[in-house]
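Okay, thanks for coming, everyone. Let me put the thing up on the screen and walk you through a few spots.

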Amino acid sequence: MSVARAARLTPYMFLAPAALVLAVALFYPICYMIYASFLDWNPSQRIGEAEFVGLRNYIKLFGDPNFRESLWVTLKFAGIVVTLEMFIGVGLALLLDRNIRGMSVLRTLFILPMMIAPIVVGLMWRYMYHPTVGIFNKTLTNLGFDTIPWLSDGNWAFASVIIADVWQWTPFIFILSLAALQSLPSSAIEASKIDGATGWQQIIYIKLPLMLPVLIVTLLLRLIDSFKVLEVILVMTNGGPGLSTEILSLRINRTASEFRELGEAAAMSNLLLIVLLILTFAMFIYNKAQDARAARLRAVEEEA
Amino acid sequence: MPEIRLQNLRKDYGAVTVIENLNLEMAEGEFTVLVGPSGCGKSTTLRMIAGLESVTGGEILIGDRDVSRLEPKERDLAMVFQDYALYPHMNVAKNMSFALRLARMNKADIEKRVKDVAATLDLTAYLDRKPAELSGGQRQRVAMGRALVRDAGTFLFDEPLSNLDAKLRGQMRAELALMSQRIKKNMIYVTHDQVEAMTLGDKIVVMKFGEIMQAGTPEELYRSPANKFVAGFIGSPTMNFLDAELREEGGVLSATGDGFSIPLPEARKAQLQAHRDRQVHLGIRPSSFSEGSGGIAMPIILSEYIGAQSVLISEIGRQRVAIEVNTVVPIKSGETREFTVQGDEVHLFDPKTEAAL
Ligand SMILES: Nc1ncnc2c1ncn2[C@@H]1O[C@H](COP(=O)(O)OP(=O)(O)OP(=O)(O)O)[C@@H](O)[C@H]1O
Ligand SMILES: [Mg+2]
């Protein structure tokens, strides 16, 4: 082997172990899952004993109104949750982006929910939503209002899980937006004050546009994550009442453990994976576009 | 366009006092230039006037209105920032028109103004570019344009020409001078460049460590600097300073030092009596030397030929001096020439207080 060729191959040699680990840890399970989605597979069987049924699992899924309902619940959940979290998170960041005393303590308090384990969050909210001894209904009763069927009515249950998720994940958007805000060029904001912009106008015309790249990435990250929530809803409602809060990951879980249809569960996972891949790909494209733009600007700058 | 007054202005950053007690009056429509060494508080003063920096003490009055606690937008001013402060996400035209758009001026008027100002600043070709796609000098001109399109009562400039090449700077300086004649607004202009200060200013304010050393017309500052600092700061090449002693011989008071003795005019004698036989600092502008026999013989160490003028570096005694002379034929280094200095063109300073005598 020539020296030049060896030099060219060196980086790949260093990469090889990592690539191997990745292949085993990532591609193997994915391939396994894709293969499984073509089987009629019961948990009591070994994979070799399962019957190959081709696309039947997928066809069955699309014909299954429960699956379609679950998909709709998931999309609705992700859409509402992420929209609310973006508005509240960015709004809070804009509100708390000032240097007054005690602000750093407040900021730390705000991000606490994010640090609690999802199971615990689920339990906590389940107790708070408890029909008689939960804090919400107790307060309502004490104030003389009717109690609310937080987790026992379909619509309320959907709202309840949304509230819990917003509570837990708004801080994520909050800290990222705050970081973005604090790294904005302060002089541009000063210039806008001189130019006569009110507080609102500064936000709309200067701050938000400059934060946009960070906001888009944050949004996509949150969207990807919101498609995968499981524990909190599992603990709070287990998908019910009816199918009102049965998001896809819950349905997958149920299909595998309750209905004992591993093949169908795998098919569903694959569909979810495809949705997530599309989102990830969107983020990737966005980053690429940003990089390309930055590179173009740099090139112009050097030339000037 | 009312007058501006700064009264007992003070600025602390935590425990650091940057400006202790600043008093300054600017007449209506006056072009005021703040000069001084780096870090003396020029930008801070300007930013306090703009309302971007809070005032620790004292008042800023525009007309009869105390604006020291008002928001920037309530003060009716436009500003050019030292670091441009352009809006990175807007193109040049949008940057320049931002204030006008906020003020809801109609579209056609905005466009016309932006076009006119862009033309005077040589920016027409760049109106669609974003700031990141411009060179430093172009950005600085956009920053300038953003202020000039506005119809504010007061214009603040923080070293607006510092990043331009010499030719462009001259051009822009002339443009500014013309504009200030034409529109007669309050202008406060910060610069390091004393040519800018001298040519643009109706009034120059020399600052040092947050204090005003002297404020006056360019001519006043050049002809009768109040202290050694101002004398050294205004004028180019810089004034020469020599150690000397005031001696009286035969009824004539003269400044005498190592290798020279310059008789002082009769008119100043009475006023200088108290300093007789004392040390003084003697200040001589490089242009005050004129070639002539019977003067001080001075070796030419270095000759910088600039065309119509030459700057000569020489020595008197062991003290280095610069001389500016009109030249037809370049003077060579190594020659020795004789120069005279008129007694009424020298400046005397107290060695301790550095105040002019
Ligand atoms: N935020 C701050 N905190 C503490 N000190 C500051 C702050 N901003 C400015 N200073 C100090 O105030 C002094 C005046 O600063 P200023 O920016 O007004 O100087 P300047 O005269 O504009 O200088 P230059 O010509 O270099 O722009 C400096 O000594 C600087 O260190
Ligand atoms: Mg400055």
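So, let's start in a loop of chain B. The loop between β6 (77-80) and α2 (92-102) of chain B is where you'll find B:Ala85. Before I go further: this is a predicted model, so please hear everything today with that in mind. What's odd about B:Ala85, given that it is not a glycine? Its phi is positive, at about 55°. For background, most residues other than glycine have a negative phi, and most peptide bonds are trans.

That brings me to another loop in chain B, the one between α8 (228-233) and β11 (240-249), which holds B:Pro237. The peptide bond joining B:Ser236 and B:Pro237 is cis, with omega at about -5°.

Okay, on to helix packing, still in chain B. Take helix α4 (residues 136-148) and helix α5 (residues 166-183) of chain B: their axes come within 13 Å and cross at roughly 5°. Anything under 35 degrees counts as roughly parallel, therefore α4(B) and α5(B) are roughly parallel to each other. Who makes the contact? On the α4(B) side we have B:Arg141, B:Met144 and B:Leu148, and α5(B) brings B:Leu168, B:Met172, B:Leu176 and B:Met179. By type, that's six nonpolar residues, one charged and no polar ones.

Now the part where the two chains meet. Chain A puts 23 residues into the contact and chain B puts in 27 residues. People often give the size of an interface as the accessible area lost when the parts come together. Here, the area buried between chain A and chain B is about 2100 Å², and 65% of that comes from carbon and sulfur atoms. Three residues to remember are A:Glu190, A:Ile194 and A:Asp195: they supply 32% of the area that chain A buries against chain B, more than any other three residues.

How many salt bridges are there between chain A and chain B? Two. A:Glu190 turns up again here, forming a salt bridge with B:Arg47, with the closest N and O atoms 2.7 Å apart. There are also seven residue pairs in polar contact across the interface of chain A and chain B.

As for which elements of chain A give two or more residues to the side touching chain B, they are α9 (186-194), α10 (199-226) and α13 (262-303). The largest share, seven residues, comes from α9(A). Overall, that side of chain A divides into twelve nonpolar, five polar and six charged residues.

That's my tour, thanks.

How values were computed: Residues numbered from 1 in each chain as written. Chains lettered and ligands numbered in written order. Predicted model: local features only at pLDDT ≥ 70, side-chain atom pairs only at ≥ 80, totals over all residues. Heavy atoms only, no water. Axes fitted to C-alpha atoms, helices over the stretch in contact; angles between N-to-C directions. Helix = DSSP H or I, 4+ residues; strand = E, 2+ residues; numbered from the N terminus. Parallel < 35°, antiparallel > 145°, perpendicular 65-115°, else oblique. Contact = heavy atoms within 4.5 Å. Nonpolar A, V, L, I, M, F, W, Y, C, P; charged D, E, K, R; others polar. Buried area = accessible area lost by both parts, 1.4 Å probe. Salt bridge = Lys/Arg side-chain N within 4 Å of Asp/Glu carboxyl O. Polar contact = N/O pair within 3.5 Å; in protein donor to acceptor, adjacent residues only side chain to side chain.
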